[in-house]
Protein chains: 4
Amino acid sequence: MTLPTPLTGVVPPVCTPLTPDREVDVPSLLRLVDHLMAGGVHGLFVLGSTSEAAYLTDGQRERVVRAVVGHVGGQLPVLAGAIDMTTPRVLDHVGRVTAAGADAVVATAPFYTRTHPAEIARHYRMLAAASPVPVLAYDIPPAVHTKLAPELVLELAADGVLAGLKDSSGDLGGFRRVVTAARTHPGLTGFTALTGSELVVDAALALGADGAVPGLANVDPHGYVHLYRLCRAGDRERARAEQERLCALFGLVGVGDPARMGGSSSALGAFKAALHLRGVITCPATAEPQIPLSADEVERVGKFLAAGGLL
Amino acid sequence: MTLPTPLTGVVPPVCTPLTPDREVDVPSLLRLVDHLMAGGVHGLFVLGSTSEAAYLTDGQRERVVRAVVGHVGGQLPVLAGAIDMTTPRVLDHVGRVTAAGADAVVATAPFYTRTHPAEIARHYRMLAAASPVPVLAYDIPPAVHTKLAPELVLELAADGVLAGLKDSSGDLGGFRRVVTAARTHPGLTGFTALTGSELVVDAALALGADGAVPGLANVDPHGYVHLYRLCRAGDRERARAEQERLCALFGLVGVGDPARMGGSSSALGAFKAALHLRGVITCPATAEPQIPLSADEVERVGKFLAAGGLL
Amino acid sequence: MTLPTPLTGVVPPVCTPLTPDREVDVPSLLRLVDHLMAGGVHGLFVLGSTSEAAYLTDGQRERVVRAVVGHVGGQLPVLAGAIDMTTPRVLDHVGRVTAAGADAVVATAPFYTRTHPAEIARHYRMLAAASPVPVLAYDIPPAVHTKLAPELVLELAADGVLAGLKDSSGDLGGFRRVVTAARTHPGLTGFTALTGSELVVDAALALGADGAVPGLANVDPHGYVHLYRLCRAGDRERARAEQERLCALFGLVGVGDPARMGGSSSALGAFKAALHLRGVITCPATAEPQIPLSADEVERVGKFLAAGGLL
Amino acid sequence: MTLPTPLTGVVPPVCTPLTPDREVDVPSLLRLVDHLMAGGVHGLFVLGSTSEAAYLTDGQRERVVRAVVGHVGGQLPVLAGAIDMTTPRVLDHVGRVTAAGADAVVATAPFYTRTHPAEIARHYRMLAAASPVPVLAYDIPPAVHTKLAPELVLELAADGVLAGLKDSSGDLGGFRRVVTAARTHPGLTGFTALTGSELVVDAALALGADGAVPGLANVDPHGYVHLYRLCRAGDRERARAEQERLCALFGLVGVGDPARMGGSSSALGAFKAALHLRGVITCPATAEPQIPLSADEVERVGKFLAAGGLL
């Protein structure tokens, strides 16, 4: 399907359920998609950071896109991450995910290499020239170690290179710069500005964002859709209360012992444990080399779910 | 061929010559290998950072390994980088480069994700368990944004997981910790410690390193081999003079205007411009999205070559 | 005067006007204070980062506090920064600024040294034990290279160590954690949560912040006070419009050529140039070793003022 | 006394012994100075990072310089750190430490502020213009979060601004650039290049450094002086053995539990515990807010001393 201009609403970065031997668990993935659609989400973002894209082989990535696109059948737009180090490698992913049916691709700046803004611009220009579908920029400095400057995003948007931005930088002031320009400059009509900061979705929508890509929406899609609707209806007080409930729930990402595992193991492990406890997916395994949560840590995930009214 | 235990000497990270349309230029690559072998190098490291591995597609990477392994015909060990974000993706590269004939693989810690030492250990243990050839760790914090702790390297070495270390961290004190332990602990016999710091190869060899992986050896293999021999012969004064000549030559990596391009564009562009000026490769193009050197900048590369006695 | 619990409203970090030979220009400083009070601000924060505290000698710092406290005469609370590397040195500043009449002190985590959360906690506990006035934590990772964890701030608040937080971290999600807890936990009644992020003051207030410490309020105090009142009145649309006007005005911090100067020179130089152009201060000089703005750059500051309706 | 040009040899950064209530313990300080001089050191560096300068009040700093200068009586050059955030504050320290008799001052680039190379150059030019004694640059990126570029150091050296460099950057390649230029450019005769990297003093001397500023020399001055003499005599094998003994001894900096304290608490606590165990100082206390070593951790320091032949 054609990507709406702009794409609005809640667009979860879809977790990738795995089997105990770390293959893509397609039946669980499709149940997860059903769970998200039942929650009322407005689009799906597969192969993002929350999807463990960095851990999935090319074959696994392709399987995910094919399965989700086939299942969704055009009811919702499906965006796919094309996460890799540099332009030639990202272009290979763009080819594969669009062949598999993705409606848009989402790409970061180059990483691993020492990158200059001029090179980032060239990167996105080449991606857009070769991609059969719209390209969104993915700003995620903790992963990429580069911050996309708002000026650069706006220049590329004005030139028709970028169709949108998924902002996981945590820099709401910089994001606002893009959002305000996109709302007020005629040349930027249709540009999509999505926040990845699940703790301030209400604030991002209030300042003009089109939507959100909250990892936590895997666990509680209804909550984020409810929040989105309250914001759009201008019911700020109930929106704030719902956002605060979700902020409390988000505490589950910290259950993993930092002496034993990194932040990805903890957060992605907790999302999957929650989906498992809620009966959505069959196995809570995360990809290698992540460290599994202990039984105690999973129990703490359960307490967060209970406190959030989800169990 | 079987990797020597330890591997000693000069093991250049081989540049990957490209055609003007950014395909692997195999004839130039083989001329470059001949140039390195004529210089007396002791091994070849393909698909490292200097090889632009981060910019090469899987197909291009495989072509490089096959071409070089076939050409070398077992006269020298060929190490291949398996540079990717996480264990499952690195394992795919390990499978491909070893099928193509690599004698050892070189892998970094996970990147893009937020990684914990326990996850790095798990990563290398899984790589070693699956690899048909020895695994060397590649410590390159500017790319990976994690420093491999000497203690972790030594633990993995003692367990037979790591066969060696390529240290591009710039932290000679930490590297020394590994080198000294490898030289003195019986359980670490045969462990290979190579420095990637081309400006202090004499110092690294003096403190016990087995060899060096200097990017600049693409341009001047004879120089680094000469330096290696002087060091091994204990001729410290002439070694220092040769190292200082190479340090001056290394200035060519800074010819690119930092207002116009990043450090990779400048350094890799300069290496390739030098190889082009010396008649080794046909085209000095670097991979996308790197910015090409200007004619003036290339001229400055030529001056460095002339000052270094290489033109 | 006693610090309100909580302190609410707009509390500008007061610029420190200097003479051409870099002495504190007290008459200009007092005119600036009058300008801020005429704008309706609710408190004054002297010796913060925007005040160039890092550049002021101990004698100059003391002069600033005495002059402002004497001039204000208890009409508004005066908070003073106690910016230095570690506890013993900060304690000296606390002694001096409270002797000079400050109503509260604002202190960062230790910097220059390699600091652990346990040491940060100890630091604040010792400051609070010795200070005759309330202590607020100042979270400013770009300066201090440490982020104050919300959990630590809340623990110190619950123990009566911290009376408040000035958050210049840019991490609105983390700030929200503190704000929500302060609003809902009985033990934290009276805790003051102020945002230093001038581009999202509306968002910070909407999620429960008590007030803001916007550097740009030196230039346009009426604007920020107007914004504060619109937010408190629940007039979100006009608040957003006013915030967007201020965001556009904030563009003046970028007038300085990054090839010629750092971000502090540009931003602080622009604030002072604006105050000079508006006739508030006599001389726009910034402290050494900052680079002065060029005439062209000052002209651009004037254009921002004109566009913002301030000239 | 006049600073030698260049200053050569071992110049320890002198620890600052404290009483249990954290006042400067002058008798212990003077015993420490005697211990260092008995070890044969060639100069003393007070108020450096190892001296806990960041933790000392202005009064304490002055007391240290006066005591040491008076005690040494011109037998050795005494360098003093002037560690503070920016030019005006550093100038105050320069005035105080030179009034107290320091023979040279050592200053970092500005910190806390966002600093540009042009501002760093201006900083050092102003310091040199005002200082009655030579100024050395102190390159310590982990504290200052800026790396001094070799080109900038050399430019300031050529202009007579900098008399020397104390390099604690860990970047031996960059340090070599300065050392080689200082040795070969006529305009740089007399420039002093000292390494602060205690683990590679042999390597730094081999490539041309004038001397070393090893924190560990507080604990074992004889060892570093012995190492220096072996290096100067060209006895590389015994030099390497002595350096390796000192590297093993250096392991004591890691005795502090990282879950309980930061790196400064551990390293400085271990140096002082060692000096206490060796009977040189009366009390091993470190300055606030550092965390004291536990009895077990002190016991481990003792084992390092025993293994190093120092107990």
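Two strands count as paired if DSSP finds at least two bridges between them. The model used in these exercises is predicted.

**Exercise 1. The sheet**

Work out how strand 2 and strand 3 of chain C pair, and where strand 2 lies in the sheet.

*Solution.*
- Step 1. Count bridges. Strand 2 and strand 3 (residues 78–81) of chain C share 3 bridges, in the parallel sense.
- Step 2. Find a facing pair. C:L44 stands opposite C:V78 of strand 3.
- Step 3. Place the strands. The open sheet of chain C has 8 strands in the order 1-8-7-6-5-4-3-2, with parallel pairing.
- Step 4. Read the ends. Strand 1 (9–10) and strand 2 (44–46) of chain C are the edge strands, and each pairs on one side only.

**Exercise 2. Helices on the sheet**

Find which strands of chain C are touched by helix 4 and by helix 7.

*Solution.*
- Step 1. Helix 4 (residues 117–130) of chain C touches strand 4 (104–107) and strand 5 (135–139). The direction of helix 4 makes about 150° with that of strand 5.
- Step 2. Helix 7 (residues 172–184) of chain C packs against strand 6 (164–167) and strand 7 (192–195). The angle between helix 7 and strand 7 is about 155°.

**Exercise 3. The core**

Identify which residues touch the most other members of the largest nonpolar core.

*Solution.*
- Step 1. The core holds 474 residues, and A:Y124, B:Y124, C:Y124 and D:Y124 touch the most other members.
- Step 2. Take A:Y124. Beyond four places in sequence, its contacts include A:A107, A:V135, A:L148 and A:L162.

**Exercise 4. Two copies**

Determine how chain A and chain B are related.

*Solution.*
- Step 1. A 180° rotation with 0.0 Å of shift along its axis superposes chain A on chain B, at RMSD 0.0 Å.
- Step 2. The two copies are therefore related as by a two-fold rotation axis.
- Step 3. The same surface serves both copies: 100% of the contact residues of chain A recur in chain B.

Definitions and conventions:
Residues are numbered from 1 along each chain as its sequence is written. Chains are lettered from A and ligands numbered from 1 in the order in which they are written. This is a predicted model: local features need pLDDT of at least 70, side-chain atom pairs count only at pLDDT 80 or more; totals for chains, interfaces and linings use all residues. Side-chain values use heavy atoms; hydrogens and water are left out. Helices (H or I, at least four residues) and strands (E, at least two) are DSSP runs, numbered from the N terminus. Contact means heavy atoms within 4.5 Å. Axes are lines fitted to C-alpha atoms, for helices over the stretch in contact, and angles run from 0 to 180 degrees between N-to-C directions. A nonpolar core is a set of buried Ala, Val, Leu, Ile, Met, Phe, Trp, Tyr and Cys residues joined through side-chain atoms within 4.5 Å. Buried means under 20% relative accessible area, exposed over 50%, partly exposed in between (1.4 Å probe, protein chains only). Copies are superposed by least squares on the C-alpha atoms of residues with pLDDT of at least 70 in both.
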